[in-house]
Structure formats: C-alpha cells, structure tokens
Amino acid sequence: MRSVLRALTVLVLTLLLMGSAWSQATPSAKPANAEPSSDAATLVMFNRPVVVFRSSLLGAPPKARVDRARFSINEALNQGGKLAVSVKNNPEGQLLMIDERLAFVVTAGDVDPLRQDDVKATASQAARQLELIIAENREARDLHLLLTALGISAIATFVFGLMVWLVVRLRVWLDKLLVSSVETRVRNLKIGGTQIIEGHQLVPFLQRVLKALRGLVILLLTYEWASFLLSRFPYTRAWGERLNDYLLNVIGVILHSMLEAVPGLGIALAIFMLARVFIGFLGRFFERMVRAGTSISWLSRETMPTTRRLFSIGIWLFAIAMAYPYLPGAETDAFKGLSVLLGVMVSLGASSIVGQGAAGLILTYTSTIRPGEYVRIGEHEGTVVKMGMFTTTIRTGLGEELTLPNSMITGTVTKNYSRSVQGDGYVVDTTVTIGYDTPWRQVEAMLVEAAKRTPGILQSPAPTVFQVALSDYYPEYRLVAQAVPSRPRPRAEVMSMLHANIQDVFNEYGVQIMSPHYMGDPHDAKVVKPEDWFPAPVKRDS
C-alpha cells in the first residue's frame with residue numbers, strides 16, 4: 001500500500017506541473033483550429049484562456065494588452081460588487097465591461113481567421129469565459145465552499161483507496177481461483193494422450209496478465225481520482241476538466257475506430273466462413289468421387305489428400321485477397337509497406353522452394369513413386385518411407401534414411417522395383433558373367449536353384465534368367481526374381497543371401513564364376529560338345 005501511495009503522490013505532482021505548464025503556454029489557450037501569429041498573446045485567468053490578442057491597439061502590442069487586461073480584471077475582482085459582465089459596441093471594437101469598468105477591447109484583428117467568426121462572436125465567447133472566471137473567483141473566496149470541496153475530496157480519496165485495496169485483494173483471490181481452475185482444466189486438454197499445455201507454464205503467464213490488468217485498472221482509477229480532485233477547486237478546475245476531456249476523447253476515438261471496423265470485420269468474417277464451408281463441401285465431394293471409382297486420372301486414393309490440400313490453399317488465398325480491403329488498417333501505409341516487404345522476401349527467397357514444391361506435385365500426380373515401393377534414384381536405393389511437398393525420404397537396406405530433394409528425383413532416372421511385381425513386394429536382380437565353355441542351360445539352372453534356396457524370394461512367379469549380352473569373352477546372365485512381403489526383409493539382406501547361394505551352387509557343380517580375358521587364341525576351340533549340353537542340375541526336357 002505504501003508503494004501505491006508513493007505512486008499517487010508522484011502522479012499528482014506531475015499533473016500539477018503539467019497543468020501549470022498548460023496554463024502558461026500560449027498554444028494551450030488558443031482554440032484547437034487556431035493558428036495565431038508569432039506576436040499573438042493569450043489572456044489567461046485562473047488557468048483559463050479568456051481571449052487571444054492578435055493585433056495591436058492604440059500602439060500597444062498584444063503582450064501589453066494582456067498585461068493591461070489582467071490588471072483591470074484583478075482590480076475589479078479586488079473591489080468586489082456585482083461584477084456583472086457586459087459587451088458594448090465601440091468604433092475601436094467590442095468593449096468588455098465589468099460593472100461599468102473597462103476590462104479589455106476585442107478588435108477585428110483579434111478574430112481567428114480560421115474559425116471565420118466575427119468580432120461580436122469573439123467578444124461573446126470572451127464574455128462567457130470572463131463570467132466563469134468571476135464565478136470561480138467568488139468560489140475561491142468562500143471558505144464554506146472550500147471546506148466543502150476539501151470534505152468531498154477527502155471522501156473521494158477514501159473511496160479511491162478502498163477501490164485500490166479491493167482491486168489488489170481481487171487479484172489475490174483471482175490468483176488462487178486461477179491456479180485451482182487451470183490445473184483442473186489443463187489436465188483434460190490432451191491429444192492422443194499428450195498434454196497440450198503444461199500447467200506450470202500457463203499459470204505464470206496468466207498471473208502476469210492479471211497483474212498487468214490490475215496495474216491498468218489502478219492507473220485508470222488514479223487518473224479519475226486526480227481529475228475529480230482537481231475539478232473540486234476553482235484554481236485547478238481547468239486542469240481537471242482537461243484531464244476528463246482528454247480521457248473522454250481517447251475513449252471516444254477508440255470506440256469510434258472499433259465501430260468503424262465492425263462492418264469490415266463482419267464482411268471479412270463472412271468471406272472466411274464461406275471459404276470454410278466451400279472447402280468442406282469440396283473435401284466431401286472428392287472423397288465421394290474416390291469411393292465411387294472416378295475415372296479422372298489426377299484424382300485417385302493416393303492423390304486425393306494432396307488435391308484436397310491444394311484446393312484448400314487456393315480457396316484460402318482467394319478469400320484472403322477478397323477480405324484484405326475490409327481488414328482494419330489495410331489502407332494504412334504501414335500495412336501496405338509490410339505487404340510489399342513480404343512480397344519481396346518471398347520473391348527473392350522462395351524460388352527454390354517453389355521449384356521443390358512443383359517437383360513434389362509432379363511426383364504425386366504422375367505416380368512415379370509411392371510410399372512403400374522399393375526404388376533406385378540415381379545412386380541411392382531403398383524403400384520409400386515418406387513423400388512430402390519438398391522432399392522424399394527413403395530407407396536403404398542398411399537402415400539409413402536418405403532425404404532427397406524432389407527436384408533431384410524428377411531430374412534423374414528412377415528405377416521402381418515394386419511396379420512390375422504381382423501383388424505386393426519388389427524385384428531383386430543380379431548379373432553374372434560366365435565363360436562360353438560353360439553350357440548356358442547349366443548356368444541358368446544353377447541361378448534358378450540359388451534363387452529357390454534364398455529365403456524371402458517368391459517361388460511363384462518363378463525366378464527367370466535372361467541372357468542380356470553376348471560379349472567378346474563371355475555371355476552375361478541376369479537373374480530376376482520377386483521378393484515376398486510376407487517375410488519382410490531389407491532388400492540388401494535378400495541380395496546378400498542370394499549372392500551367397502549363387503556361390504554355393506556354382507561351387508557344388510564345379511563351375512567357376514569367372515570372366516575370361518584372352519591374351520591369344522587357345523589351341524582347342526572353347527565350345528560345348530552336344531553330349532555336355534545337359535549337365536546337372538539341368539533336366540533334359542527343359
């Protein structure tokens with residue numbers, strides 16, 4: 001409470017100094033739309049501006065006229081009497097009289113040119129201000145009224161202190177209520193068993209918010225208390241009125257801006273709601289098309305999520321473009337500058353991102369690869385784990401995860417080992433080169449037998465051997481088989497077992513795995529005699 005009283009004392013002293021400065025400064029005395037000349041002077045009594053002298057009168061400059069008028073008014077106030085204010089016409093201007101005593105003269109040169117008033121209107125306004133000053137002077141000389149004002153101020157101070165105390169106590173009560181309520185509700189905020197918000201992080205944040213609100217409420221109460229106290233006494237009443245007017249003007253500007261923003265926000269909200277409804281309709285429409293087996297090539301079960309996402313992004317961008325002019329502050333230079341800055345940043349830094357995104361769309365809609373397929377992309381080989389808008393992740397047979405940019409995939413040759421198989425699974429293949437002196441039927445039979453011995457290779461369809469080349473020194477044999485997914489093994493493991501079985505089978509039948517290169521023609525022709533065309537394990541009917 002001591003700190004609150006200290007803050008109130010500092011605030012009151014600050015307001016008094018500000019009021020004194022306002023009362024002595026010329027700009028505060030002029031009307032809001034006036035622009036007096038450099039030699040203009042303002043007559044101020046009891047901290048209230050009475051009139052602005054803008055011209056000289058009978059050789060007296062505006063500053064001297066102010067001094068004379070202040071002296072005349074003070075003389076009239078000290079003498080007392082009825083102190084009736086009146087305005088009389090005169091060739092020199094309008095004479096302001098106090099009980100037949102001349103207070104000052106308002107001439108045509110004193111009229112504010114911006115307000116387009118005449119001399120009589122300016123004099124009437126000065127007369128009203130002078131009557132108010134006389135009334136406040138009488139009030140300042142009345143001891144009973146001053147004591148009443150002091151009593152009212154004391155009651156207001158007591159009420160203000162009580163309200164500050166209630167605000168402080170209310171904050172303590174809200175803290176206790178907040179801790180118990182938040183801890184109970186936060187426990188129930190879970191997604192998939194995972195806590196969304198931690199209570200020990202949310203409670204301090206809400207406490208800081210309550211503390212800031214408490215400070216704001218106390219500041220507003222202090223402002224109103226100071227304004228009320230200043231308005232109780234004649235000499236400081238003008239300061240209190242200015243404080244009230246300033247606060248009311250600020251509140252009025254805020255409320256006016258909020259009311260002006262309501263129609264635009266309503267239109268923007270309606271646009272966003274329509275976009276949301278249309279996105280939901282399109283999503284359900286695409287799902288029905290997929291379930292019905294649509295014949296549209298670009299819309300399948302695999303491409304439907306991407307298609308739905310693209311349509312949603314397009315609709316939201318269109319909705320933002322339509323709602324942009326109705327957003328508060330959209331026409332301000334700051335908002336426009338921020339929009340231009342974001343556009344330049346996107347233009348300069350998003351070229352590669354746009355290229356990657358376009359490559360991702362190409363892969364999605366051309367169905368080049370799909371998750372779960374075994375592929376070879378350039379020098380990298382593995383199972384497709386995840387396909388994103390910008391990158392694709394594959395897992396190699398050694399357990400490594402490779403993240404490849406989509407633009408690299410579209411720019412290189414991709415081998416898909418899972419497309420040509422029957423059902424699920426993938427293709428395994430290997431190549432051997434054996435000399436011409438080994439019967440080709442025997443080589444093919446040994447390769448097929450090695451494939452049958454390998455766990456994980458499907459027997460139906462049966463492994464197949466192709467003679468892919470008749471090179472200068474040896475023929476080239478390629479074994480192609482399908483791996484069965486019911487016994488999931490990494491392709492590298494299956495290939496390793498296949499190569500081991502090929503070596504075992506060739507060793508069992510006494511055939512060397514070699515690729516001969518000649519330094520010269522041999523003495524005997526390297527041919528296979530017909531009686532040797534069907535060595536084991538070849539069957540003659542094959």
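Me: Why is Arg48 called buried in this model?

Reply: In this predicted model, Arg48 has a relative accessible area of 7%, and because buried means under 20%, Arg48 is classed as buried. The residue belongs to strand β2, which spans residues 48-53.

Me: What is Arg48 in contact with, once neighbours within four places in sequence are left aside?

Reply: Arg48 is then in contact with Leu43, Gln129, Leu132, Ile133, Glu136, Arg237, Ala238 and Glu241. As for distance along the chain, Arg48 and Tyr235 are 187 residues apart in sequence, while their C-alpha atoms are 9.1 Å apart in space.

Me: What makes Gln442 count as buried?

Reply: The relative accessible area of Gln442 is 7%, and the cut-off for buried is under 20%, so Gln442 is buried. Gln442 lies in helix α12 and, not counting residues up to four places away in sequence, touches Tyr509, Val511, Pro535, Ala536, Pro537 and Val538.

Me: Why is α12 called oblique to α13?

Reply: The axes of helix α12 (residues 440-453) and helix α13 (residues 491-508) come within 8 Å and cross at roughly 135 degrees. That angle is not over 145, as roughly antiparallel would require, and falls outside the 65 to 115 range of roughly perpendicular, so α12 is oblique to α13. The crossing in which α12 passes α13 is right-handed.

Me: Which residues meet where α12 is in contact with α13, and how do they divide by class?

Reply: From α12 come Val443, Met446, Leu447, Glu449, Ala450, Ala451 and Arg453, and these meet Leu498, Asn501, Ile502, Val505, Phe506 and Glu508 of α13. The residues of this contact divide into nine nonpolar, one polar and three charged.

Me: How do you know that α7 is roughly antiparallel to α8?

Reply: The axes of α7 and α8 cross at roughly 165 degrees and come within 10 Å; since angles over 145 count as roughly antiparallel, α7 is described as roughly antiparallel to α8. This crossing, too, is right-handed.

Me: What is the make-up, by class, of the contact of α7 with α8?

Reply: The contact has 17 nonpolar, three polar and three charged residues. Among those in α7 are Ala268, Ile271, Phe272 and Phe278, and among those they meet in α8 are Phe311, Ile315 and Trp316.

Me: Why is the pair of Phe272 and Trp316 called tilted?

Reply: The structure holds five aromatic pairs. The ring centres of Phe272 and Trp316 lie 6.2 Å apart, with the planes at 45 degrees; pairing requires centres within 6.5 Å, and an angle that is neither under 30 degrees, as for stacked, nor over 60, as for edge-to-face, counts as tilted, so the pair is tilted. This pair links distant parts of the chain, with Phe272 in helix α7 (residues 237-291) and Trp316 in helix α8 (residues 304-323), 44 residues apart. Phe278, Phe281 and Phe285, in turn, form one aromatic cluster.

Me: What makes Phe272 and Trp316 count as partly exposed?

Reply: Phe272 has 26% relative accessibility and Trp316 has 32%. Because buried means under 20% and exposed over 50%, with partly exposed in between, Phe272 counts as partly exposed, and Trp316 likewise counts as partly exposed.

Me: How many helices and strands does the protein chain have, and what share of its residues count as buried?

Reply: The secondary structure comes to 13 helices and 15 strands, and 34% of the 542 residues count as buried.

Notes:
Residues are numbered from 1 along each chain as its sequence is written. This is a predicted model: local features need pLDDT of at least 70, side-chain atom pairs count only at pLDDT 80 or more; totals for chains, interfaces and linings use all residues. Side-chain values use heavy atoms; hydrogens and water are left out. Rings of Phe, Tyr and Trp (its six-membered ring) pair if their centres lie within 6.5 Å; planes under 30 degrees apart count as stacked, over 60 as edge-to-face and the rest as tilted. Helices (H or I, at least four residues) and strands (E, at least two) are DSSP runs, numbered from the N terminus. Buried means under 20% relative accessible area, exposed over 50%, partly exposed in between (1.4 Å probe, protein chains only). Axes are lines fitted to C-alpha atoms, for helices over the stretch in contact, and angles run from 0 to 180 degrees between N-to-C directions. Angles under 35 degrees count as roughly parallel, over 145 as roughly antiparallel, 65 to 115 as roughly perpendicular and the rest as oblique. A crossing is left-handed if the near helix is turned anticlockwise from the far one by less than a right angle, and right-handed if clockwise. Contact means heavy atoms within 4.5 Å. Ala, Val, Leu, Ile, Met, Phe, Trp, Tyr, Cys and Pro count as nonpolar, Asp, Glu, Lys and Arg as charged, and the others, Gly among them, as polar.
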